[in-house]
Amino acid sequence: MNIALLTAAGSGSRMGQDIPKQFMNIDDCPVIIYTMQAFQHHPQIDAIAVICLQGWEVVLKAYASQYGITKLEYIFPGGDSNFHSIRNGLLGLQKCGISDDDIIVIQDGVRPLVSEDIISRNIETCKKYGYAVTGLLCKEVIMEYHADENNLSYLPIPRERLVRTQTPHTYKLGTILKAQQTAIDNKLEDTAASCQLVAQIGINNQHLVLGSEKNGLKLTNVEDIELFKALKHVSKAPWLK
């Protein structure tokens with residue numbers, strides 16, 4: 001089976017709005033529904049699981065019913081960090097009978113522009129290599145920021161070797177649960193993403209799935225909403241190859 005595991009347990013404080021950003025309506029549709037629709041319509045996704053902000057489960061179910069998200073089968077509570085939220089979801093899936101060999105496509109609930117192609121290549125890459133991480137090679141010059149002095153210094157890594165990670169991050173259930181347990185045993189739980197966690201425990205052969213600038217849009221602040229609306233309504237010019 002291929003299971004989409006969406007993270008939607010954050011409070012969205014940086015957005016500064018009255019409701020969590022994953023439940024905000026943009027063009028008459030909640031953000032989390034946009035993300036769920038990408039997996040609902042993907043032929044290789046068998047089920048959707050959502051790690052939900054506590055107290056919003058009923059709202060999530062109502063939205064799923066309203067917008068025809070029939071693949072939503074599991075809702076799990078969030079934890080006190082990204083790591084523990086994802087762990088709640090993974091352990092929940094295991095308790096529900098999902099096997100260690102089933103593929104889990106972990107996606108930020110507020111990255112609503114994930115494409116069918118990116119999802120497909122994540123599943124294919126995970127099947128072939130065991131790990132798949134979506135990202136883009138850096139085009140920008142990257143420098144190191146020193147917050148205490150508010151200045152920048154040179155980072156001696158060629159930008160061609162640097163990747164801006166996105167989601168999905170895709171693993172077999174047994175693989176990512178084992179990686180999480182290793183991280184717990186070594187007190188490495190303070191990670192921002194599953195790909196970082198897997199790398200920190202010494203696994204250095206995660207395979208890259210090229211993402212896109214659209215897929216890289218994570219709704220974090222008000223400006224991101226404006227970008228999302230613009231990208232959602234734009235179409236490729238017919239003269240472009």
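A nonpolar core is a set of buried Ala, Val, Leu, Ile, Met, Phe, Trp, Tyr and Cys residues joined through side-chain atoms within 4.5 Å. Keep in mind that this is a predicted model.

Q: Which residues touch the most other members of the largest nonpolar core?
A: That core holds 39 residues. Those that touch the most other members are Met 36, Phe 39, Ile 48 and Val 50.

Q: Which element gives the largest share of this core?
A: Several elements each supply at least two residues, among them β1 (2-8), β2 (47-52), α4 (116-129) and α7 (222-233). The largest share is 7 residues, and it comes from α1.

Q: What lies apart from this core?
A: Look around Ile 3, Ile 51, Leu 93 and Val 198. These are among the members of another core, of 28 residues.

Q: How far apart are the end C-alpha atoms of α7?
A: Start with the expected span: α7 has 12 residues, and at 1.5 Å a residue it should span 16 Å. The model agrees with that, with the end C-alpha atoms of α7 at 18 Å.

Q: Why are the buried residues of α7 on the same side?
A: The buried residues of α7 are Asp 224, Ile 225 and Phe 228. In an α-helix there are 3.6 residues a turn, so residues three or four places apart point the same way. Here the buried ones are put on the same side of α7 because they cover an arc of only 105°.

Q: Which residues are exposed on the other side of α7, and what do its buried residues pack against?
A: Exposed on the other side of α7 are Glu 223, Glu 226 and His 233. The buried residues of α7, for their part, pack against α1.

Methods: Residues are numbered from 1 along each chain as its sequence is written. This is a predicted model: local features need pLDDT of at least 70, side-chain atom pairs count only at pLDDT 80 or more; totals for chains, interfaces and linings use all residues. Side-chain values use heavy atoms; hydrogens and water are left out. Buried means under 20% relative accessible area, exposed over 50%, partly exposed in between (1.4 Å probe, protein chains only). Helices (H or I, at least four residues) and strands (E, at least two) are DSSP runs, numbered from the N terminus. The expected span of a helix is 1.5 Å times one less than its number of residues. The arc is that of the directions from the helix axis to the C-beta atoms. Contact means heavy atoms within 4.5 Å.
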